[in-house]
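Colleague: Could you take one part of this model and look at it closely, following its contacts outwards into the rest of the chain? I would value one connected account, with the cut-off behind each term stated as it comes up.

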Amino acid sequence: DRPDSIEAHSYLWCASSLLSKTQSKKYWLIIPGDNSDKKSEFITENKITVGYRDIDLSKFYDGKPYVKEGNYKNENSLKEIKEIIKKQLQAKEGEKPSREKIDWQEIYLHNFAGIAKNDTVILCSGPKTIFAIGKVTGEYEYLKDTAPDHVHSKAVEWYDTKEREVPKQYRFGGQGAVRLLP
């Protein structure tokens, strides 16, 4: 039995206390947003997706499980993907994007690319609600022609779809739709 309310020292530790740690290597928060219709899509279609940029990640990341130092295909991959992100942001916004914005978008894409088969994902609203917990069952897919707003996808088997509220004292702040749990 899993608890209805979460009691732990912090939200991240509380989320990880709900997980069966027997087969997963890493634990990820996937945040589609409070008012997003993506959460229902993810659960019913057994997947997770992210948007950010229309870039085939398999051209820049090696497809191996996440490492903080980078899973880049070669020594130029990081520079190349950041240049593409910069160009896409500039075309969309009409002005030069900040280095920080480019860096953060690359970090989110790097994180998503590094989610491996058998890793555990927690679908949540961010700080307030956990929607589902599942295991990644598929490799990265680039969906350029089928999903124009969320082109990066991985298959997931959801084994717990009970929605839970996170008590206020355990909620976290910050940004990012793909986070690695400690």
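Modeller: What follows is a close look at one strand, starting from a charged residue in it.

The model is predicted, so local features are taken only at a pLDDT of at least 70 and side-chain atom pairs only at pLDDT 80 or more, whereas totals for chains, interfaces and linings use all residues. Residues are numbered from 1 along each chain as its sequence is written, and side-chain values use heavy atoms, with hydrogens and water left out.

As a setting for the close look, the protein chain has 4 helices and 8 strands, where helices (H or I, at least four residues) and strands (E, at least two) are DSSP runs numbered from the N terminus. From the N terminus the elements follow the order α-β-α-β-α-α-β-β-β-β-β-β. Of the 182 residues in the protein chain, 48% are buried, a word that stands for under 20% relative accessible area, with exposed meaning over 50% and partly exposed the range in between (1.4 Å probe, protein chains only). Among contacts (heavy atoms within 4.5 Å) with a separation of 6 or more, 68% are between residues 24 or more positions apart.

The part I have chosen is strand β2, residues 47-50, in which Lys47 is found. Lys47 counts as buried because its relative accessibility is 15%. Its side chain makes a polar contact of 3.0 Å with that of Glu41 and another of 2.9 Å with that of Glu45. A polar contact here is a pair of N or O atoms within 3.5 Å; within protein, one must be able to donate a hydrogen and the other to accept it, and residues adjacent in sequence count only if both atoms are side-chain atoms. When neighbours within four places in sequence are set aside, Lys47 is in contact with Glu41, Phe42, Ser153, Lys154, Ala155, Val156 and Trp158.

In general, side chains of opposite charge can pair when their charged atoms come close. The structure holds 8 salt bridges, each being a side-chain nitrogen of Lys or Arg within 4 Å of a carboxyl oxygen of Asp or Glu. One of them joins Lys47 to Glu45, at 2.9 Å from N to O, and Glu45 counts as partly exposed because its relative accessibility is 48%. Glu41 meets Lys38 in a salt bridge of 3.4 Å, again N to O; these two residues both lie in helix α2 (residues 38-44), 3 residues apart, or about one turn of the helix. Lys38 is buried, since its relative accessible area is 11%. Elsewhere, Arg164 forms a salt bridge with Asp160, with the closest N and O atoms 2.8 Å apart. Arg164 is buried, with a relative accessible area of 1%, and Asp160 at 7% counts as buried as well. Returning to the chosen strand, salt bridges that share partners join Lys38, Glu41, Glu45 and Lys47 into one network.

The pairing of β2 leads to β6, with which β2 runs antiparallel over 4 bridges; two strands are said to pair if DSSP finds at least two bridges between them. Within this pairing, the bridge partner of Ile48 in β6 is Lys154. Strand β6 also pairs with β4 in the antiparallel sense over 4 bridges, where Val136 has Val156 as its partner in β6. Strand β5 (residues 141-142) is joined to β6 by 2 bridges, again antiparallel, and there Tyr142 stands opposite His152.

Ile48 also belongs to the largest nonpolar core, which has 26 residues and in which Ile30, Ile48, Ile81, Ile115, Val121 and Trp158 touch the most other members. Such a core is a set of buried Ala, Val, Leu, Ile, Met, Phe, Trp, Tyr and Cys residues joined through side-chain atoms within 4.5 Å. At least two residues of this core come from each of β1 (27-30), β2, α3 (77-93), α4 (99-114), β3 (120-124), β4 (129-136) and β6 (152-160), and α4 gives the most, with 4 residues. Leaving out residues up to four places away in sequence, Val121 touches Trp28, Ile30, Ile48, Ile115, Ala132, Ile133, Gly134, Val136, Val156 and Trp158. Apart from this core lies another, of 7 residues, among them Leu29, Ile31, Cys124 and Val166.

Strand β2 also holds Val50, which is buried because its relative accessible area is 4%. The C-alpha atoms of Val50 and Ile31 are separated by 9.3 Å, the two residues being 19 residues apart along the chain.
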